[in-house]
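Reader: Before I trust any labels here, I'd like to hear how each one was earned. Can you walk me through them?

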Amino acid sequence: MSNPEITTILRERQLFENQTFDKVINEVDFNFEGDLEFKNCVFEKPISIDNFKTNGKLTFFNCKFSSYSVIKNSELDIISILGCEFSGSDKSTFSLLSNKCNILSLDGFKGNLLKINGKYLLSFINQCTFKKLLLKDINTEYSQSESRIEFKRNNEIENLNIESSNLFSDLIFDDGTYESIHFDGVFKNSIVFKGALKTKYLFFESSTLHKRLDIEDGFFTSINFYRSNFQGLIWINGYNLLDNTSLNLSIKELSLHECVFDKNITLNSSKINSLSLSNNNFKQLLNFNTYQKIDGNVNENKINISISGINQGSMFFENINTNINLSGINFGNINFKNINIKHLTISDFQNKGVVSFNNIKSGDLLIITDSIVGNLDFMGSDVTLFKEFVFSDSNLVGINFSKHPFNILSYSSNPVIGYGIIDKSKWNTNLKNVYNQLKKNALLKGDIDTSMKYQSLEYKYLLKEKDFGFDKVLLFLNLISNKNGLSWFRGILFTLITAYLFMLLYLKTINIDFNFEESLKDYTFFISSFPKLEIQKYSTIPNTWQSNLVIWISRIFVSYGIYQTIAAFRKYGKS
């Protein structure tokens, strides 16, 4: 017995115009010659067209759908939905499922949820408005004819999800506004973003892209590549190399996480606010170049670059105003060239590859903390341009400088930054170890001057670290006598001053009144009598045990001063 609420209408005629359908329409298994058109119609109940075959086209023009609607398992030349509105509930869907069609054209279609599945050789989506558009397993079979899906101008789509086991169509995005675009699956053909596209969130998740990805234009809040394999080139280009002008590509956050890139990935844009790289494998090269003029103004168009996790491959960054944060484990080659750096932070970092900096134009803060720096190369840069250095709890063996820093801190003087060792009682021990490592690095490279300077600083902080005792006294004397081996002039002064003071003490023990002019004359005889350290004209005065003690102690300190002076003179002759 038939249900009076369900009807079939398609066998009646080919054109329906200005009609209202208040019953459920269920059309199954029929063939049709020519075109089938609905114009200015209203569908108050669900409509289902199943296994419809025609050599013509199916057109809905300026129609309204109030409930669940589906076209499925059908074979057509063209499906065209123009100026229509689907106003079903949030959970109801307008669906195109498992159809075979040469052309799918959606123009000015509005609705809550649209789901598309099947084979559509050419798809055009233009001026459409949806809360959610789902393309699931569309065009999963290879076609010898050109196949593409074009999102053309003035689309307003909150959530666009493209999920496919194999998608054999080019994807082209030109203009439009999207809250989020989410890719998940295997994409066999190229993907292009161009035009004044506005997108908050662009995701590639658990996906494989076999061919090229181009992002040439648009405004993106966040682009996220996550756990995906990119087998073709990636070109994110916001710069016209022909006329040296910037394009309208703006990205606030670009994140690459746990991805494999088989070919080059190229970033040419100064309008990227943040770049985050973690756990990636760059089999060829990541190249980031803003092509902007770097003039030493670190605050202009600053880009935050964060490299974390375990990364492999080569990365090259050029012509950038930046903050840089390195952490995790690096197995590749990372090169920065021609850059301004506000903050360079190396924290919890193990470098098993090479990290190099060439032509640093300016810098504020260089921080190395809790890291094994490995082959960290500043040979092409003057790091003394940095205003502050914080090195703490790190293995610095392998670091290379062309100019060496000497004003190193254990904790940043800027409390907002907050890097380094908070416990002040550990600052001196840390700096002693830092300067000890830098001393050894310089010595291995044959840089005696620098190694001696670092040794002096090492002993300075060893002095501060020691509790009062003989070692602390010895370190203090080493500091004031020749600046820990650096200053022969200080050695001479120490010797002369020490000798003069002991001479005055000697004269006092034999009851000779002080007279400055006479003391200078006596001093020349006293110092020239070394090692006796006596004054001939007072030899008739009997010595006391006090005067003998003074002479004995003075011989020790004057001898020490002479030794320290000779040691400072011989700093280049030490093996």
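Author: Here come the labels, each set against its definition. This is a predicted model, where local features need pLDDT of at least 70, side-chain atom pairs count only at pLDDT 80 or more, and totals for chains, interfaces and linings use all residues. Residues are numbered from 1 along each chain as its sequence is written, and side-chain values use heavy atoms, with hydrogens and water left out.

Reader: Fine. How do you know that the length of helix 4 agrees with what it should be?

Author: Helices here are DSSP runs of H or I with at least four residues, strands are E runs of at least two, and both are numbered from the N terminus. The expected span of a helix is 1.5 Å times one less than its number of residues. Helix 4 (residues 488–509) has 22 residues and should span 32 Å; its end C-alpha atoms are 32 Å apart, so the two agree.

Reader: And what is the reach of helix 5?

Author: Helix 5 (residues 516–528) has 13 residues and reaches 18 Å from first C-alpha to last, close to the 18 Å expected.

Reader: Why is Leu-496 called partly exposed?

Author: Buried means under 20% relative accessible area, exposed means over 50%, and partly exposed is in between (1.4 Å probe, protein chains only). Leu-496, which lies in helix 4, has 36%, so it is partly exposed. Elsewhere in helix 4 there are buried residues, including Gly-491, Phe-494, Tyr-500 and Met-503. In helix 5, the buried ones are Ser-519, Asp-522, Tyr-523 and Phe-526.

Reader: What makes a nonpolar surface patch, and which residues form it?

Author: Patch members have over 30% relative accessible area and no salt bridge; nonpolar side chains (Val, Leu, Ile, Met, Phe, Trp, Tyr) are joined within 5 Å, like charges within 9 Å. Trp-488, Phe-489, Ile-492, Leu-493, Leu-496, Ile-497 and Leu-501 make a patch of about 640 Å². Leu-496, at 36%, is therefore over the 30% cut-off.

Reader: Which residues gather in the patch of positive charge?

Author: Lys-453, Lys-460, Lys-464 and Lys-483. Lys and Arg count as positive, and the place of a charge is taken as NZ for Lys. Lys-460, in helix 2 (residues 448–465), has 32% relative accessible area, so it is partly exposed.

Reader: Why is the contact of Glu-150 and Lys-152 called a salt bridge?

Author: A salt bridge is a side-chain nitrogen of Lys or Arg within 4 Å of a carboxyl oxygen of Asp or Glu. Glu-150 and Lys-152 come in at 3.1 Å, N to O, so they qualify. Glu-150 is buried at 11%, while Lys-152 is partly exposed at 31%. Both belong to a network of salt bridges with Glu-146 and Arg-148. The structure holds 15 salt bridges.

Reader: How do you know that Asp-175 and Arg-153 make a salt bridge too?

Author: Their N to O distance is 3.6 Å, so the 4 Å limit is met. This pair links distant parts of the chain, 22 residues apart: Asp-175 sits in the loop between strand 18 (170–174) and strand 19 (177–187), and Arg-153 in the loop between strand 16 (148–151) and strand 17 (156–167). Asp-175 is buried at 14%, whereas Arg-153 is partly exposed at 44%.

Reader: Last one: why is Lys-532 called exposed?

Author: Its relative accessible area is 54%, so it passes the 50% mark. Lys-532 lies in the loop between helix 5 and helix 6 (545–569).

Conventions: Accessible areas come from the Shrake-Rupley method with a 1.4 Å probe; for residues, only the protein chains shown count as cover.
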